[in-house]
Structures are given as C-alpha cells and as structure tokens.
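Consider the structure shown below. The exchange that follows asks how each description of it is justified.

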Amino acid sequence: MSDQLFKIDISPSTLSIITTYQCTAACADCCFECSPSITKSLSYAEMSQFIDDAIQEHPSIRLVVFTGGECFMLKEKLFFLIAKCTQLGLATRCVTNGYWAKRPEKAMEYAQKLKHAGVNEINLSTGLDHQQWVPENTIVNAVIALVSQSIFTLVTLETDTQTSDCFESFHTNPKIKQLQGNDLFELRVNSGQDHERFLNKIDQFDDQGWL
C-alpha cells in the first residue's frame, strides 16, 4: 500500500538530448559552458538507443529535441537521427547557433537536408554574445533557407544590454521584415526583463509597419 501511496505517474511529452558539449562558439554566459575545446559528445549508437529506450519507457513522448553544445557539429549523424525519429512518428526540433548558414547556398543545402529528414522546427539562438561568433547575416541566411523549405523557425535573442543594437538590427533587417505575418517564423527574447524591453521596442516599431 505504501508503494501505491507514493507512486507517481510520469508522462513526459518531450525528450531532450544534449548531443555534445562542443560548440563553434564560446559565449560568456553559456548555461553549459560549451566551447570548441570541449570534444565530449554522445555517439550515434548511444543517442539512437536512448531514443528507443525512452519511447519504450514513456510512450507519451511526442517530441525529440536535439541540443548542445552545437548539435549540427554531428554532421550527417544529426540528419540520420532526425530521420529515425520521423520514421518512429516523433516530431523533432534542433537548437543551434546557425553557424552552418554562413553562405546562402550552404544554408539552403542544410535546410533541404533537414526537410528531407523530416524535421519540424529549428530554434536559432543569437544576440550580443552569439554574434561575436556567428554574425547576424548568417542567422538571416538560415532563417530564409529554412522558411523556404516550410520548416518552422524560431529565433531567440539572448540577453541584451542597454547599449547593444542587436535587437533593433535584426528586427529591422529588410529580409526579416519580409517575413512579417509568416506563420513559419517567430522572434522571441529569452528572459522576463528582456521580454519587457522587447514589448517596448515592438511598440516603437509599430509605425514602421512591422505589426
């Protein structure tokens, strides 16, 4: 009876996999302190088995999130894992700094591979810290390519400063403004304080036709 009293029914809907602690960037405020010098990562076999074990233990799982570190450093293994999830009927999301989109043609190559593998969503992280390693234009390349392949794309702007113009620059970028009202694109900020500043800045841009 005591076992039943303290039994908890856990029905997770999301499985997140930290694929590696290696990253192409070394952001000062990285929550996992990732960097190019950290080479530890899970093998394809480990991640594949982990997915199998997790959905067997928790059939309620519907979404698998690949993050890091920089999950795109897995190269083809990432696409294979996404395809595996697609075959299992699971939705997938990747969290990335977008380094792979430095050139528009490369961005399109990756977007097409992601589309073929069946990915559902890409989350791009950018802002003051990230842009020391991955410039704004690279993120724009990624967004354009992903949306063109009908992949939902969320851009998250990290903590900003009062003197930084990362938000204004990205928000008013002509290519990003063309995505106004597109259901496949969303822009967010990542903290309560920033969200308040984000809303205030949105108000400032009303007259520019963004909303």
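Q: What makes a residue count as buried, and how many of the residues in this predicted model do so?
A: A residue is buried when its relative accessible area is under 20%. In this predicted model, 43% of the 211 residues of the protein meet that criterion. The protein exposes about 11500 Å², of which carbon and sulfur atoms supply 52%.

Q: Why is T92 called buried?
A: T92 has 0% relative accessibility, and the cut-off for buried is under 20%; T92 therefore counts as buried. The residue lies in strand β3. Leaving aside residues up to four places away in sequence, T92 touches L63, V64, F66, I82, C85, G118, V119, N120 and E121.

Q: What makes β2 a mostly covered strand?
A: Five of the five residues of β2 are buried. L63, V65 and T67 point one way from the strand, V64 and F66 point the other way, and all are buried.

Q: What is the secondary structure of the protein, and in which order do the elements run?
A: The protein has eight helices and six strands. From the N terminus on, the elements run α-β-α-β-α-β-α-β-α-β-α-α-β-α.

Q: How do you know that β1 and β2 pair, and in which sense?
A: Pairing requires at least two bridges between two strands. β1 and strand β2 (residues 63-67) have five bridges in the parallel sense, so the criterion is met. Among the bridge partners, I18 is matched with T67 in β2, and L15 with V64.

Q: How do you know that β2 and β3 pair?
A: The two strands share four bridges in the parallel sense, and at least two are required, so they count as paired. Within this pairing, V65 stands opposite R93 in β3.

Q: Why are β1 and β6 described as standing at the edges of the sheet?
A: The open sheet has six strands in the order β1-β2-β3-β4-β5-β6, with parallel pairing. β1 (14-18) and β6 (185-189) each have a single partner strand, so one side of each is left without a neighbour in the sheet. From one strand to the next, the twist averages 20°.

Q: Which helices pack on the sheet, touching β2 or β4 among its strands?
A: Helix α3 (residues 76-87) touches β2 and β3 (91-96), and its direction makes about 170° with that of β2. Helix α5 (residues 136-148) touches β4 (121-126), β5 (152-157) and β6, and its direction makes about 170° with that of β4.

Q: Which residues touch the most other members of the largest nonpolar core?
A: F66 and F72 do, in a core of 46 residues. The largest share of this core, seven residues, comes from α5. Beyond residues up to four places away in sequence, F66 has contacts that include I17, I51, L78, I82 and T92.

Q: How do you know which parts of the model should not be read in detail?
A: Where pLDDT is low, the predicted coordinates should not be read in detail. The mean pLDDT of the protein is 84, and 79% of its residues reach 70 or more. Over residues 201-211 the pLDDT is below 50, and this stretch has 19 contacts in the model beyond near neighbours in sequence. Residues 192-199 likewise stay under 50, with eleven contacts beyond four places in sequence.

Technical notes: Residues are numbered from 1 along each chain as its sequence is written. This is a predicted model: local features need pLDDT of at least 70, side-chain atom pairs count only at pLDDT 80 or more; totals for chains, interfaces and linings use all residues. Side-chain values use heavy atoms; hydrogens and water are left out. Buried means under 20% relative accessible area, exposed over 50%, partly exposed in between (1.4 Å probe, protein chains only). Accessible areas come from the Shrake-Rupley method with a 1.4 Å probe; for residues, only the protein chains shown count as cover. pLDDT is the predictor's confidence in each residue, from 0 to 100. Contact means heavy atoms within 4.5 Å. Axes are lines fitted to C-alpha atoms, for helices over the stretch in contact, and angles run from 0 to 180 degrees between N-to-C directions. A nonpolar core is a set of buried Ala, Val, Leu, Ile, Met, Phe, Trp, Tyr and Cys residues joined through side-chain atoms within 4.5 Å.
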